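Colleague: Please take a close look at one small part of this model, the spot you'd start from, and then follow it outwards into the rest of the fold.

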Amino acid sequence: MSAQKGSEKPGSQTKKFGKGEREIPHHTQKAKKFYPAEDEKKPKKVRKSIKPARPRPSLAPGSILILLAGRFRGKRVILLKHLPQGVLLVTGPYKANGVPLRRVNARYVIATSVKVDLKGIDEKVVEKVSEEGYFTREKKNDKVGEEAFFKQGEKPEKKKISSARASDQKAVDKTLLTNIKKEPMLLEYLRSSFSLRAGDRPHEMKW
């Protein structure tokens, strides 16, 4: 019984004042006398649930895409895999047009009707490249000091590509290039860059 009484929440009391009655709350229910000078920040309630990105039906693995933004805009690339959050894993291949293995937003891409056969590609390499930490930049340990101040006039050092990335690029490109060379004029198509001229109507073009 004592445990039940202790678990019960203290309630308010009703007291009579003359002809009327008044409800007096318990001292634990009363408003606080002290308030913080600044409003306490509360996390915003997000009601929207994160839904997996639905790729367009035209963005099938093996299809050739045209990049519309970024460093390699206008280049034609081959779609390898769909990554989460609407990101695509593409490659040039690097020997064909200089586009390495990279992630691209699906919104800034035009899908063409041309497709490349992806048979023979090492799936383990593709899975390794599609991992989250693969494209993260390495942290620099260079501290700004006297040496860095006096080296301002010198030419900056060229960015060195890791041997692991280079081997992954070669492994993917080797099988892709053999499949591309089987189709006539496909290698030249990938090497050419896309551009619009005055009078072109992209909405009437067949991709």
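**From one loop residue outwards**

Modeller: Leaving aside residues up to four places away in sequence, A53 touches Q85 and G86, a contact being heavy atoms within 4.5 Å. Keep in mind that this is a predicted model, with local features needing pLDDT of at least 70 and side-chain atom pairs pLDDT 80 or more, while totals for chains, interfaces and linings use all residues. Residues are numbered from 1 along each chain as its sequence is written, and side-chain values use heavy atoms, without hydrogens or water.

A53 sits in the loop between β2 (20-24) and β3; helices (H or I, at least four residues) and strands (E, at least two) are DSSP runs, numbered from the N terminus. A53 counts as partly exposed because its relative accessibility is 44%, where buried is under 20%, exposed over 50% and partly exposed in between, with a 1.4 Å probe on protein chains only. H82 is 29 residues from A53 in sequence, yet their C-alpha atoms are 9.5 Å apart.

Follow the loop into β3 (residues 63-67) and you find four bridges to β7, the two running antiparallel. Opposite L67 stands V109 in β7. Together they belong to an open five-stranded sheet, ordered β6-β5-β4-β3-β7 with antiparallel pairing; two strands pair if DSSP finds at least two bridges between them. β6 (102-105) and β7 (109-115) are the edges, each pairing on one side only. On average, neighbouring strands in this sheet are turned by 50 degrees against each other, direction ignored, using axes fitted to C-alpha atoms (for helices, over the stretch in contact), with angles from 0 to 180 degrees between N-to-C directions.

Now the packing. The largest nonpolar core has 21 residues, and I78, L80, L89, V116, V129, L176 and I180 touch the most other members; a core is a set of buried Ala, Val, Leu, Ile, Met, Phe, Trp, Tyr and Cys residues joined through side-chain atoms within 4.5 Å. β4, α3, α5 and α6 each give two or more residues to this core, with the largest share, four, coming from α5. Again ignoring residues up to four places away, V129 touches L89, L101, Y134, F135 and D168. Apart from this core lies another, of 13 residues, including L67 and V109.

Helix α5 (residues 163-182) has 20 residues that should span 28 Å at 1.5 Å each, and its end C-alpha atoms are 29 Å apart, which agrees; the expected span is 1.5 Å times one less than the number of residues. Among its buried residues are D168, V172, L176 and I180. The buried residues of α5 pack against β4 (76-83), β5 (87-91), α2 (94-97), α3 (123-129) and α6 (186-191).

Two backbone oddities: the G92 to P93 peptide bond is cis, omega near 0 degrees, and P93 is in the loop between β5 and α2. M185, in the loop between α5 and α6, has a positive phi of about 65 degrees without being a glycine.

On trust: the mean pLDDT (the predictor's confidence in each residue, from 0 to 100) is 82, and 84% of residues reach 70 or more. Confidence peaks in β3 at a mean of 94 and is lowest in helix α1 (residues 2-7), at 47. Residues 1-7 are below 50, and this stretch has zero contacts beyond near neighbours in sequence. Where pLDDT is low, don't read the predicted coordinates in detail.
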